[in-house]
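This report describes one protein chain, moving from single residues to the overall layout. Please keep the sequence and the structure in view while reading.

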Amino acid sequence: MFSMFWWSKKKKKKPLKLDFVSADALHDQVKKNEGETMLEIVCHVFEIPPYIPQVQVLRKGFRKTVFANFMSICTWMQWEPEHLMNFLLTEMGTSGCLDGQQRLVVKGRFTPEDFQRILQRYLKR
């Protein structure tokens with residue numbers, strides 16, 4: 001018996017782009033900071049601040065939310081804007097797009113804390 005979804009193909013995942021860090025540098029950092037989480041240790045090694053910049057959210061009408069500093073957070077996280085946008089929209093269960101000023105316009109009413117929580121989850125994965 002054939003599967004009814006025989007035509008669907010699995011999408012290949014893109015490899016993660018990271019700068020090269022020697023194993024010794026990472027091991028030394030782990031020894032030096034035993035009580036810290038792995039996220040904090042990686043932030044020390046790659047010299048990334050362990051916090052996310054404050055999210056700026058605006059209302060556009062009654063049913064839309066604008067993530068104003070979306071592009072600056074994408075450059076801070078060093079991720080492709082399309083990839084981060086797809087993750088945010090999937091986690092929020094809504095639709096949206098980038099406007100002419102490179103801001104993310106999302107359908108629905110969301111608070112800055114909603115975006116902040118999802119970005120924290122994105123960093124931890």
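Is Tyr122 buried or exposed? Tyr122 has a relative accessible area of 4%, and a residue counts as buried when that value is under 20%, so Tyr122 is buried. The model is a predicted one, and the values below are computed from it.

## Overall layout

The protein chain contains five helices and four strands. Their order along the sequence is α-α-β-β-α-α-β-β-α. Of the 125 residues in the chain, 27% are buried.

The accessible surface of the chain is about 9,900 Å². Carbon and sulfur atoms account for 57% of that surface. Contacts can also be sorted by distance along the sequence: among those between residues at least 6 apart, 53% join residues at least 24 apart.

## Aromatic pairs

The structure has five aromatic pairs. In one of them, the ring centres of Trp79 and Tyr122 are 5.5 Å apart. The planes of these two rings meet at 70 degrees, so the pair is edge-to-face. The two residues come from distant parts of the chain, 43 residues apart: Trp79 sits in the loop between H3 and H4, and Tyr122 sits in helix H5. Trp79 has a relative accessibility of 31% and therefore counts as partly exposed, while Tyr122 is buried.

Another pair is made by Phe110 and Phe115. Their ring centres are 6.2 Å apart and their planes are at 70 degrees, so this pair is edge-to-face. Phe110 is buried at a relative accessible area of 15%, and Phe115 is buried at 0%. Phe110 and Phe115 also belong to a cluster, in which ring pairs link them with Phe67 and Phe70.

## The hairpin of E1 and E2

Strand E1 covers residues 57-60 and strand E2 covers residues 64-67. The two strands pair in the antiparallel sense, over four bridges. One residue of the cluster above takes part here: Phe67 in E2 is the bridge partner of Val57.

E1 and E2 form a hairpin, with three residues between the strands. In the turn, Gly61 has a positive phi of about 75 degrees.

## Helix H4 and its cover

Helix H4 runs over residues 81-92 and has twelve residues. From its first C-alpha to its last it reaches 16 Å, close to the 16 Å expected at 1.5 Å a residue. Just after H4, Gly93 has a positive phi of about 70 degrees.

Which residues of H4 are buried? They are Leu84, Met85, Phe87, Leu88, Leu89 and Met92. In an α-helix there are 3.6 residues a turn, so residues three or four places apart point the same way. The cover over the buried residues of H4 includes E2, helix H3 (70-77), strand E3 (96-98), strand E4 (104-107) and H5.

Leu89 gives a closer view of helix H4. Leu89 counts as buried because its relative accessibility is 10%, below the cut-off of 20%. Not counting residues up to four places away in sequence, Leu89 touches Thr94, Ser95, Gly96 and Val106. The C-alpha atom of Leu89 is separated by 9.4 Å from that of Lys107, which is 18 residues away along the chain.

## Contacts around residues 52 to 56

Asn69 lies in the loop between E2 and H3. Asn69 is buried, with a relative accessible area of 11%. Leaving aside neighbours within four places in sequence, Asn69 is in contact with Gln54, Val55 and Gln56. A polar atom of the Asn69 side chain lies 2.9 Å from the backbone oxygen of Gln54.

What does Gln116 touch, not counting residues up to four places away in sequence? Gln116 touches Ile52, Pro53, Gln54 and Val55. Gln116 is part of helix H5, which spans residues 112-124. Gln116 is buried, with a relative accessible area of 18%. Gln54 and Val55 therefore appear in both sets of contacts, those of Gln116 and those of Asn69, where contact means heavy atoms within 4.5 Å.

Conventions
Residues numbered from 1 in each chain as written. Predicted model: local features only at pLDDT ≥ 70, side-chain atom pairs only at ≥ 80, totals over all residues. Heavy atoms only, no water. Buried < 20%, exposed > 50% of the residue type's maximum accessible area, 1.4 Å probe, protein only. Pairing = 2+ DSSP bridges. Expected span 1.5 Å × (residues − 1). Phe/Tyr/Trp six-rings, centres within 6.5 Å; stacked < 30°, edge-to-face > 60°. Polar contact = N/O pair within 3.5 Å; in protein donor to acceptor, adjacent residues only side chain to side chain. Areas by Shrake-Rupley, 256 points an atom, 1.4 Å probe, with all protein chains shown as cover.
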